[in-house]
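Visitor: I'd like a close look at one part of this model rather than a tour of everything. Could you pick a helix and walk me through how it sits against its neighbours, then add whatever else helps me place it?

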Amino acid sequence: DPNNVRSLVAVGTGYENGEDAACRGRIVLYQVQSASIVQEDGKVKETFKMQKLFSEELKAGPITAISSVEDLLVVCHGSKILMYYWHEEDQKLVGAAFFDAQFLCTSLRVCKNFLLLGDVRNSVQLLRWRKDKRQIEFVAKDYEKANVMSTEYLIMDDQISFIFADWERNLQMLSFDPPDVRSHKGEKMISKGQYYLGARLTKLQRVRMRTRDLVSYFSVYGDAMGGVGAIAPITKEMFTTLYAVQRQLSVLPQFAGVSARDYRRFRSGARTSQRHSAQQILDGQLLWSFARLSAPKREKICQGAEVDAAEVLKTLRQLEKAWRVF
């Protein structure tokens, strides 16, 4: 009933009782309620409180990820993806569908009816919820090995890419392109770029950009060392301009004699890794150093890149303005 919508917070837990007992998980639902508190000065303050509504224990393993798609709750439990709906009369969760993923999910991100799953060992998979069939369908996956920490979508108007951070401090970008012969009729996700971050990402969060013409979303991330950063989609024209400038900046002397190009190169300890793709991720930290250069150095860089210095600065300002959402 659209007129009887409640705000619920879903929590998934995992706990273990030693090596002699199996790890267990629990799904807990809390109802968010507003409350009015009258303060000593007579003013009324609106606050929120959470009331426990439902709890269920699952014995086959911990809850490693949880989210929602349409009106259903999605739970990653062991090697299964479970979907539930809320039964109002019985005040409990009822199973609606399941999918045997055959891996341990570490990250779950939802966009419309698509589910992007990250695995502790086998990279990412893309699934789709079919409401008409009441089932979860496999769409595509990455066939390379990767210990995924977090996943997210990069969206620019009608184009979408998939990014994930792995245990070896890399950020990788994939695409779903069935017409491409490398995709094996759409079942294989195609690598579009890799970028060495230098820190392990703990969370990627999609945020809408402040753009007028295009509906775009960038991802804010936090890492285990306390750092915060962002990954954003850009137009093809912006990429062509900034890529030419980045190639010229990468040959300039860097701090401690470090090569900017080699430092950002993809690193993997997996012997089976066969990453060969066009590099479509730019180094924003390096590009923003262009604005700190003197005017003569900017002109020299732009002559080598065959671009206009004013146009480069304008592009950087546009990106900075689009990200300024907090």
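Guide: Here is a walk around one helix, followed by a strand and two loop residues.

First, the ground rules: this is a predicted model, where local features need pLDDT of at least 70, side-chain atom pairs count only at pLDDT 80 or more, and totals for chains, interfaces and linings use all residues. Residues are numbered from 1 along each chain as its sequence is written, and side-chain values use heavy atoms, with hydrogens and water left out.

For the backdrop, the protein chain has 5 helices and 18 strands; these are DSSP runs numbered from the N terminus, with helices being H or I of at least four residues and strands E of at least two. Its C-alpha atoms fill a box of roughly 70 × 65 × 45 Å along the principal axes. Of the 326 residues, 40% count as buried, where buried means under 20% relative accessible area, exposed over 50%, and partly exposed in between (1.4 Å probe, protein chains only).

Now the helix, α5, residues 309–323. Its 15 residues reach 22 Å from first C-alpha to last, close to the 21 Å expected at 1.5 Å a residue; that expected span is 1.5 Å times one less than the number of residues. At its start, a side-chain oxygen of Asp-308 comes to within 3.3 Å of the backbone nitrogen of Ala-310.

Which residues of α5 are buried? They are Ala-309, Val-312, Leu-313, Thr-315, Leu-316, Leu-319 and Ala-322. An α-helix has 3.6 residues a turn, so residues three or four places apart point the same way. The buried residues of α5 pack against α1 (236–249), α3 (284–287) and α4 (295–305).

Let's zoom in on α1. Met-238, Thr-241, Leu-242 and Val-245 in α1 meet Val-312, Thr-315, Leu-316, Gln-318 and Leu-319 in α5, a contact being heavy atoms within 4.5 Å. The two helices pack at about 115 degrees with their axes 11 Å apart; axes are lines fitted to C-alpha atoms, for helices over the stretch in contact, and angles run from 0 to 180 degrees between N-to-C directions.

Over to a strand, then. In β14 (residues 170–175), 6 of the 6 residues are buried, so β14 is largely enclosed by the rest of the structure. In a regular strand the side chains alternate between the two faces of the sheet. Here both faces are covered, with Asn-170, Gln-172 and Leu-174 on one side, and Leu-171, Met-173 and Ser-175 on the other.

β14 has antiparallel company: 4 bridges join β13 (residues 159–166) to it, and 6 bridges join it to β15 (residues 190–196). Strands pair if DSSP finds at least two bridges between them. Phe-162 has Leu-174 as its bridge partner, while Gln-172 stands opposite Gln-194 in β15. β13 and β14 form a hairpin with 3 residues between them, and Arg-169 in the turn has a positive phi of about 70 degrees.

Finally, two loop residues with positive phi. Gln-91, a residue other than glycine, has phi near 55 degrees. Gln-91 is in the loop between β6 (80–87) and β7 (92–100), and counts as partly exposed because its relative accessibility is 30%. Lys-112 also has phi near 55 degrees. Lys-112 lies in the loop between β8 (105–111) and β9 (114–119), and at 73% relative accessibility counts as exposed.

Technical notes:
Polar contact = N/O pair within 3.5 Å; in protein donor to acceptor, adjacent residues only side chain to side chain.
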